[in-house]
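Visitor: I am new to protein structures and would like a close look at a single part of this one. Could you pick a helix and walk me through it, then show me how it fits into its surroundings?

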Amino acid sequence: MSEIAENLSEIYKNIEAAAKKSGRSADDIMLLGVTKTVDCERIQQLVDLGVKELGENRVQELMSKIDVIKGDVNWHLIGSLQTNKVKYIIGKVKLIHSVDSLKLASEISKRSLASGLVTDILLELNVAEEESKHGFKAEELSDTIEKLKEFKGIGVKGLMTVAPYVENPENNRPVFKKMRELFIDIKAKNCDNIDMTYLSMGMTNDYVVAIEEGADIVRIGTGIFGKRNYA
């Protein structure tokens, strides 16, 4: 068994246990394989092992891989997205996780409408209010949702956060709890054009706690591929 296969087996066991603890099935959780800086050969190994949801941080890297990887794959853009790069990914990704401003949402809507498409997005929140992180603040969410209802070229499908890096994943439990509360609050409002389907939170070091608190998309790179050198 390859290292990737061994790592994947362990992750699936952890997902199953965490999902059960939260009263759900492992089938309710989407494992997003994060491929930042990973070569196409190793990504293909992952796809061949059954992981069909892949996440990239950078548009240029995404575009270099999207036609190389074979199989029924869905690509997600999970990193910070500049408005001038939006045009390259419209129609090529299943979900943009990192919409952190109305300006970006407007550009995605405009480009999508011009292509006759509706692009699904998640709103990135910075609930921990880290200065180094992008995202809307929790108190901005209601007003943001009201404005986004008018954007016809996008479909808001949920929320995403990048929690602080912590040695003890339990330290991020309050962040994930807060995200879940916001998710439920927005879902209860039944707004047009707003469909709270996905709660994307949790990475290699804290995905178990994130699932226990309600995550249904976890973004895992290092846990699958091992430590990498980031450029």
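Guide: Happy to help: we will begin with helix α1, then move on to its surroundings, the nonpolar core, the salt bridges and the whole chain. Please keep in mind that this is a predicted model.

Let us start with the helix itself. Helix α1 covers residues 3-21, which makes 19 residues. From its first C-alpha to its last it reaches 27 Å, close to the 27 Å expected at 1.5 Å a residue.

Now look at which of its residues are hidden. The buried residues of α1 are Ile-4, Ala-5, Leu-8, Ile-11, Ile-15, Ala-18 and Ala-19. If you look down the axis of α1, these buried residues fall within an arc of 150 degrees, so they line one face of the helix. Turn to the other side of α1, and you will find Glu-3, Lys-13, Glu-16, Lys-20 and Lys-21, which are exposed.

What do the buried residues of α1 pack against? Their partners are β1 (30-34), α2 (40-48), α8 (207-212), β8 (217-220) and α9 (222-225).

Next, follow the chain out of the helix. After α1 comes Gly-23, with a positive phi near 80 degrees. A little further on is Asp-28, found in the loop between α1 and β1. Asp-28 counts as partly exposed because its relative accessibility is 42%. Although Asp-28 and Ala-215 are 187 residues apart along the chain, their C-alpha atoms are separated by 9.4 Å.

Let us go to the interior. In soluble globular proteins, nonpolar side chains tend to be buried together. Here the largest nonpolar core has 64 residues, and the ones that touch the most other members are Leu-54, Leu-81, Ile-108, Leu-123, Leu-159 and Val-218. A second, separate core has eight residues, among them Val-34, Leu-122, Met-160 and Ile-217.

Take Leu-81 as an example. Not counting residues up to four places away in sequence, Leu-81 touches Val-59, Val-86, Ile-89, Ile-96, Ser-98, Leu-104 and Ile-108. One of those partners, Val-59, lies in helix α3 (residues 59-65). Val-59 counts as buried because its relative accessibility is 9%. Leaving aside neighbours within four places in sequence, Val-59 is in contact with Leu-77, Leu-81, Lys-85, Tyr-88 and Ile-89. You can also check its C-alpha against that of Ile-78: the two atoms are separated by 9.6 Å, with the residues 19 apart along the chain.

Charged side chains pair up too, and the structure holds twelve salt bridges. One of them joins Lys-65 and Glu-56, at 2.7 Å from N to O, and both residues are buried. Another joins Glu-107 and Lys-110, where the closest N and O atoms are 3.3 Å apart. Glu-107 and Lys-110 both lie in helix α5 (residues 102-114), three residues apart, which is about one turn of the helix. Glu-107 counts as buried because its relative accessibility is 14%.

A further salt bridge links Lys-177 with Glu-213, and here the closest N and O atoms are 3.5 Å apart. Lys-177 lies in helix α7 (residues 173-188) and Glu-213 in the loop between α8 and β8, so this pair ties together parts that are 36 residues apart in sequence. Lys-177 is partly exposed, with a relative accessible area of 39%, whereas Glu-213 is buried, with a relative accessible area of 14%.

This brings us back to our helix. Lys-21, one of the exposed residues of α1, belongs to a network of salt bridges that also links Glu-170, Arg-173, Lys-177, Glu-212 and Glu-213.

Finally, step back and take in the whole chain. The chain has nine helices and eight strands. Along its principal axes, the C-alpha trace spans about 50 × 40 × 30 Å. For 231 residues, a compact globule would have a radius of gyration near 17 Å, and the chain agrees with its 17 Å. Buried residues make up 49% of the 231 residues. Among contacts between residues at least 6 apart in sequence, 59% join residues at least 24 apart.

Methods. Residues are numbered from 1 along each chain as its sequence is written. This is a predicted model: local features need pLDDT of at least 70, side-chain atom pairs count only at pLDDT 80 or more; totals for chains, interfaces and linings use all residues. Side-chain values use heavy atoms; hydrogens and water are left out. Helices (H or I, at least four residues) and strands (E, at least two) are DSSP runs, numbered from the N terminus. The expected span of a helix is 1.5 Å times one less than its number of residues. Buried means under 20% relative accessible area, exposed over 50%, partly exposed in between (1.4 Å probe, protein chains only). The arc is that of the directions from the helix axis to the C-beta atoms. Contact means heavy atoms within 4.5 Å. A nonpolar core is a set of buried Ala, Val, Leu, Ile, Met, Phe, Trp, Tyr and Cys residues joined through side-chain atoms within 4.5 Å. A salt bridge is a side-chain nitrogen of Lys or Arg within 4 Å of a carboxyl oxygen of Asp or Glu. The radius of gyration is taken over C-alpha atoms; the globule rule is 2.2 Å times the number of residues to the power 0.38.
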